[in-house]
Amino acid sequence: MNVGELMAESEVAFGTSGARGTVAAMTDRVCHGYTVGFLRYLASIGEFSPGDRVALSGDLRPSTPWILAACAAAVEDMGGHPVYCGLQPTPTLAVYAFSEGIPSLMVTGSHIPADCNGIKFYRPHGELLKSDEAPMMAQSVEVAGRSFADGALAAPAALPDQPAEIGPAYVARYVAAFGSGALEGKRIGVYQHSAVGREIVVDILEALGADVTPLGRSLQFVPVDTEAIREEDVALARAWAAEHGFDAIVSTDGDSDRPLLADESGEWLRGDVLGVICARHLGADRVVTPVSSNTMLEMSGAFPVTTRTRIGSPYVIAEMQTQIASGGKRVCGYEANGGFLLGSDITLGEGPLRALPTRDAVLPVVAALVEAGDNPLSDLVAALPRRVTYSDRIAGMATSASWQFLGQLTAGDTAQTLTEIERHFGDIAGQPAAIDETDGLRITFTSGDIIHFRPSGNAPELRCYTEAISWEDAVALNTGALARVRAIVAAGPA
């Protein structure tokens with residue numbers, strides 16, 4: 001059996017975000033098989049040999065420890081040495097593994113609920129890209145002498161009690177770049193919930209001189225999605241800001257590679273707004289972002305070169321590599337979810353900041369807080385072009401149903417598609433002017449408003465991103481668009 005056959009049999013999908021599925025489907029056999037296939041692929045390209053180390057970490061989901069144990073067993077079965085790094089943020093693991101030049105894997109389902117989990121795989125110096133997927137899918141997952149009983153390891157191995165200590169290097173990364181007094185005088189709340197980085201984020205902000213107050217720590221896993229912020233998290237941030245008088249409130253998603261940053265009023269900044277602020281603070285000359293991000297990037301006029309990609313960090317990374325090869329000196333990327341990717345080594349006022357071509361939650365947060373200086377964070381946002389994005393989703397909508405809906409709109413040529421869009425959405429958004437099918441269907445209207453529909457790549461849901469001149473308009477546009485989608489789907493094909 002190869003990885004592709006394992007995926008089909010188990011229904012644990014493999015793609016842009018690694019392997020993901022329900023906890024029930026992610027048996028020892030499945031997790032072991034994916035890891036074996038990953039290492040066999042690396043061996044085929046000269047990036048893994050028996051005796052090599054492989055770093056492992058994970059998030060705080062209840063299922064993470066036993067998935068890690070299955071992955072560690074697979075590393076041993078392939079002749080490797082598993083280096084268990086404890087439960088750490090994805091970027092913390094990446095900083096360590098990239099600096100050591102060793103493969104790594106992170107057990108995480110990111111922002112999705114605790115009844116699901118996943119494994120994200122890293123080559124010695126970066127993420128698996130789209131070009132890696134097909135050859136990995138062809139790798140065998142079988143190991144001689146390894147047996148399973150009803151999908152469980154016959155002889156499970158325990159993880160070591162003393163994991164490798166990788167956190168200090170991640171803290172030192174930001175102190176070296178920004179200086180130990182960079183955030184002196186700032187009062188910052190950290191919404192900890194069940195994020196795996198809830199302690200290390202506090203450590204970093206305190207190491208930079210901030211006065212930090214931990215908030216909202218949870219013993220149960222909380223699926224915080226930085227693109228679809230829960231109403232309860234909106235209310236919490238506003239209440240904490242009013243009670244404590246913070247300069248900012250900081251949080252992350254489950255594996256702490258995507259940030260949340262709220263201003264002094266407790267209003268969460270959108271990830272693509274945070275990305276523009278961070279890129280500007282770094283003096284980026286080339287910025288890469290997916291097609292779903294806010295158009296204030298181009299409207300700001302702050303960057304000589306900007307490019308758009310499909311949604312997903314592998315696409316952003318591939319385009320960053322292209323920009324570096326063509327002469328970019330300060331190349332970075334970001335996603336609408338706030339994850340920031342640094343493609344180039346950059347020297348700030350205090351010291352060097354090494355490239356980290358995977359999502360990072362800490363860099364954009366620190367950069368924005370430093371950029372604000374003694375002024376309110378809200379002033380940074382107010383100085384940007386007035387473009388506001390909002391995203392929501394129809395949860396539980398099968399991927400096939402999402403694509404069927406988009407197919408109804410785009411069955412004809414461009415002119416026919418625009419006519420069909422106006423028939424269904426004209427009373428909500430006006431006249432459509434252009435479409436972009438880079439990833440899903442992104443519609444720009446003559447008003448400048450944007451509606452972007454995209455079937456999720458890792459969950460049964462249709463995402464909707466909207467952009468307008470104000471928050472109220474973006475929310476209303478999104479609400480109206482999703483209500484119309486539900487009506488179209490319920491009515492069936494015309």
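## Cysteines and disulfides

A disulfide is taken here as a pair of cysteine sulfur atoms within 2.5 Å. In this predicted model, that criterion yields a count of zero disulfides. For cysteine 71, the closest cysteine sulfur belongs to cysteine 31 and lies 5.4 Å away, which is too far for a bond. Cysteine 85 likewise takes part in no disulfide, its nearest cysteine sulfur being that of cysteine 71, at 13 Å.

Solvent exposure was also computed for two of these residues. Cysteine 71 is classed as buried, because its relative accessibility is 0%. Cysteine 85 is buried as well, with a relative accessible area of 1%.

## Strand S10 and its burial

Strand S10 spans residues 187-193 and is mostly covered. Of its seven residues, six are buried.

## Pairing of S10 with S11 and S12

S10 pairs with strand S11, residues 211-217, in the parallel sense, and six bridges connect the two. Within this pairing, glycine 189 has threonine 213 of S11 as its bridge partner. The connection between these strands passes through helix H7, residues 198-207, as the chain runs from S10 to S11. The resulting β-α-β crossover is right-handed.

S10 is also joined to strand S12, residues 248-252, by three bridges, and these two strands run parallel. Here glycine 189 stands opposite isoleucine 249 of S12. Glycine 189 thus has threonine 213 as bridge partner in S11 and faces isoleucine 249 in S12.

Technical notes
Residues are numbered from 1 along each chain as its sequence is written. This is a predicted model: local features need pLDDT of at least 70, side-chain atom pairs count only at pLDDT 80 or more; totals for chains, interfaces and linings use all residues. Side-chain values use heavy atoms; hydrogens and water are left out. Buried means under 20% relative accessible area, exposed over 50%, partly exposed in between (1.4 Å probe, protein chains only). Helices (H or I, at least four residues) and strands (E, at least two) are DSSP runs, numbered from the N terminus. Two strands pair if DSSP finds at least two bridges between them. A crossover is right-handed if, with the strands pointing away from the viewer, the path from the first strand over the helix to the second runs clockwise.
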